Amino acid sequence: MKPRVLAIAAHPDDIEIFMAGTLLRLAAAGWELHYFNLSCGNGGSLEMDGETAARVRLEEAREGAARLGARFYPPVARDLEIVYSVELLRKVAAVVREVNPSVVLTHALQDYMEDHMETARLAVTAAFAKHVPNFASDPPVPGAPGDVAVYHAMPHGGCSPLREKVEPDFYIDISGVMERKRHALEAHQSQQSWLDASQGMSSYVQSMMETGKELGRHSGRFGAAEAWRRHLHLGLSRTEIDPLADFI
């Protein structure tokens, strides 16, 4: 059986921006990819109403997952409504148990917006709950045995909400898969005007490419990189495991 990696992000396009390069490196090594955004992305438009935006972004996310070669899981929340609650935790835990991944990739625990931080918290607890058969998921999925390692992407802008610089534990070389990462992000065409107006990203694709190159420079080794921090293994694995170490 192939090892499995589950990317858990907040919004459609977050996986492509923060995690897709690492996913593609894992796929090249024989890993099975799984793709899960918690929010439908209904808030991410200045031109479309919420329901239209959610429909458009759902199809964009499906296409992004297809371009990465990942299995897609539908969203379970709406923008700015990702909160650390039992209701949402049961839904996230169901997906984690269904996939039973060896690796979970998710957002930084400290980031510029609550949706990202709450997604990270839900991902960590759902990974913990994977082993807890008496915790009821929604829909019901039995507890899944096996160790799991959780890794946090860099926060947007490379700093905490209080402007403190965040240093990664390690970098993953994505130079060889950067064009495929760009191709996957380009599936999210609806985000061009939104990100320009809301965050000053005149080209969301170009901003992603520049961030990858900047992280590559910071690594001192790579032309382009993604950067990660590894979560404490307690409650997630019997021993301290680091599956991504083989890709550093």
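**Exercise 1. Work out whether R67 is buried or exposed, and find its salt-bridge partner.**

Step 1: R67 has a relative accessibility of 24%, so R67 counts as partly exposed (buried is under 20% relative accessible area, exposed over 50%, partly exposed in between, with a 1.4 Å probe and protein chains only).

Step 2: R67 pairs with E63, at 2.9 Å from N to O. That's a salt bridge (a side-chain nitrogen of Lys or Arg within 4 Å of a carboxyl oxygen of Asp or Glu).

Step 3: Both residues sit in helix 3, 4 residues apart, about one turn of the helix. Helices here are DSSP runs of H or I with at least four residues, strands are runs of E with at least two, and both are numbered from the N terminus.

Step 4: E63 comes out at 36% relative accessibility, so E63 is partly exposed.

A word on the input: this is a predicted model, where local features need pLDDT of at least 70 and side-chain atom pairs need 80 or more, while totals for chains, interfaces and linings use all residues. Residues are numbered from 1 along each chain as its sequence is written, and side-chain values use heavy atoms, leaving out hydrogens and water.

**Exercise 2. Find which parts of the chain the D138 salt bridge links.**

Step 1: The partner of D138 is K91, with the closest N and O atoms 3.2 Å apart.

Step 2: D138 belongs to the loop between helix 5 and strand 5 (149–153), and K91 to helix 4 (residues 86–99); the pair is 47 residues apart and links distant parts of the chain.

Step 3: D138 has 35% relative accessibility and therefore counts as partly exposed; K91, at 24%, does too.

**Exercise 3. Describe the largest pocket and what lines it.**

Step 1: The volume is about 840 Å³. On a 1 Å grid over the protein atoms alone, a pocket is an open set of points with protein on both sides within 12 Å along at least five of seven lines, a cavity is a set where a 1.4 Å probe fits but cannot get out, and lining residues have an atom within 4 Å of a point. Points are joined across faces, edges and corners, and volume is the space filled by probe spheres set on them.

Step 2: There are 43 lining residues, and I17, F18, P155, H156 and G157 are the closest to the centre.

Step 3: Helix 8 gives the largest share of the lining, 7 residues.

**Exercise 4. Locate the largest cavity's lining.**

Step 1: The search finds 1 cavity of 30 Å³ or more.

Step 2: Its lining is P12, N37, S39, C40, R57, L58, A61, F72 and P75.
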